[in-house]
Amino acid sequence: MNKYIVSLYIAILTFGAAKGQAVLGRTESYIRSTYPEKKWTTDYTSKSGVKYISADMAYGSFCYYFDKETKLSDYCIQIPFNNATMNGQVEAYNKKYVITSDTTWTAYLEEGGIMYIKLIYNSESNLSYFSYSSTK
């Protein structure tokens, strides 16, 4: 029974990740239109003034950062809501993407691009988050 519940949870998490995952190389309007039901917040980084938008998805808060020149998303972070969702994502990523270390994956996307995923732990804030980018 426990195996069934865990398998169901991972299946739901994998499906949910498709409904709330990093979208790189797209415009702000594309991302907003992909998730029209979400409440989006717009802000800018304090040091460099880079624009980003953020919203809560099924398994965490996502922040999409935009290149100043191209206006396309070039970086994304996701802060999981809790350790269970983070661990579920790690399991899903281990099954779906190429594992390059204990905390990194390479995703070969259906559209032909590559996305590099890192799980980062910040010991100062005791916070774990996923980093998504198209460059290492």
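This section describes the aromatic contacts, a strand hairpin and the salt bridges of a predicted model.

The structure holds 11 aromatic pairs. In one of these, Tyr-52 and Tyr-65 adopt a tilted arrangement, with 5.1 Å from centre to centre and an angle of 35° between the planes. This pair links distant parts of the chain, since Tyr-52 belongs to strand β2 (residues 51–56) and Tyr-65 to strand β3 (residues 60–66), 13 residues apart. Both partners fall below the 20% limit for burial: Tyr-52 has a relative accessibility of 17% and therefore counts as buried, and Tyr-65, at 16%, likewise counts as buried.

A further tilted pair is formed by Trp-105 and Phe-130, whose ring centres lie 6.4 Å apart and whose planes enclose an angle of 45°. Here, too, distant parts of the chain are linked, with Trp-105 in strand β6 (residues 104–108) and Phe-130 in strand β8 (residues 127–133), 25 residues apart. Trp-105 is buried, its relative accessible area being 1%, and Phe-130 is buried at 0% relative accessibility. Trp-105 and Phe-130 also belong to one aromatic cluster, which further comprises Tyr-35, Trp-40, Phe-62, Tyr-64, Tyr-93, Tyr-97 and Tyr-132. In a contact of another kind, Arg-26 lies over the face of Tyr-30, at 4.3 Å from the ring centre.

Strand β6, which contains Trp-105, pairs with strand β5 (residues 98–101) in the antiparallel sense over 3 bridges. The two strands, β5 and β6, form a hairpin with 2 residues between them, and Ser-101 stands opposite Thr-104 of β6.

The structure holds 2 salt bridges. In one, Glu-28 is joined to Arg-32, with the closest N and O atoms 2.8 Å apart; both residues lie in helix α2 (residues 28–34), where a separation of 4 residues corresponds to about one turn of the helix. Glu-28 is buried, with a relative accessible area of 17%, whereas Arg-32, with a relative accessible area of 27%, is partly exposed. In the other, the side chains of Glu-28 and Lys-51 meet at an N to O distance of 2.6 Å. This salt bridge links distant parts of the chain, namely helix α2, which holds Glu-28, and strand β2, which holds Lys-51, 23 residues apart. Lys-51 counts as partly exposed, at 25% relative accessibility. Through shared partners, the salt bridges join Glu-28, Arg-32 and Lys-51 into one network.

Definitions and conventions: Residues are numbered from 1 along each chain as its sequence is written. This is a predicted model: local features need pLDDT of at least 70, side-chain atom pairs count only at pLDDT 80 or more; totals for chains, interfaces and linings use all residues. Side-chain values use heavy atoms; hydrogens and water are left out. Rings of Phe, Tyr and Trp (its six-membered ring) pair if their centres lie within 6.5 Å; planes under 30 degrees apart count as stacked, over 60 as edge-to-face and the rest as tilted. Buried means under 20% relative accessible area, exposed over 50%, partly exposed in between (1.4 Å probe, protein chains only). A charge sits over a ring if NZ of Lys or CZ of Arg is within 6 Å of the ring centre and within 35 degrees of the ring normal. Two strands pair if DSSP finds at least two bridges between them. A salt bridge is a side-chain nitrogen of Lys or Arg within 4 Å of a carboxyl oxygen of Asp or Glu.
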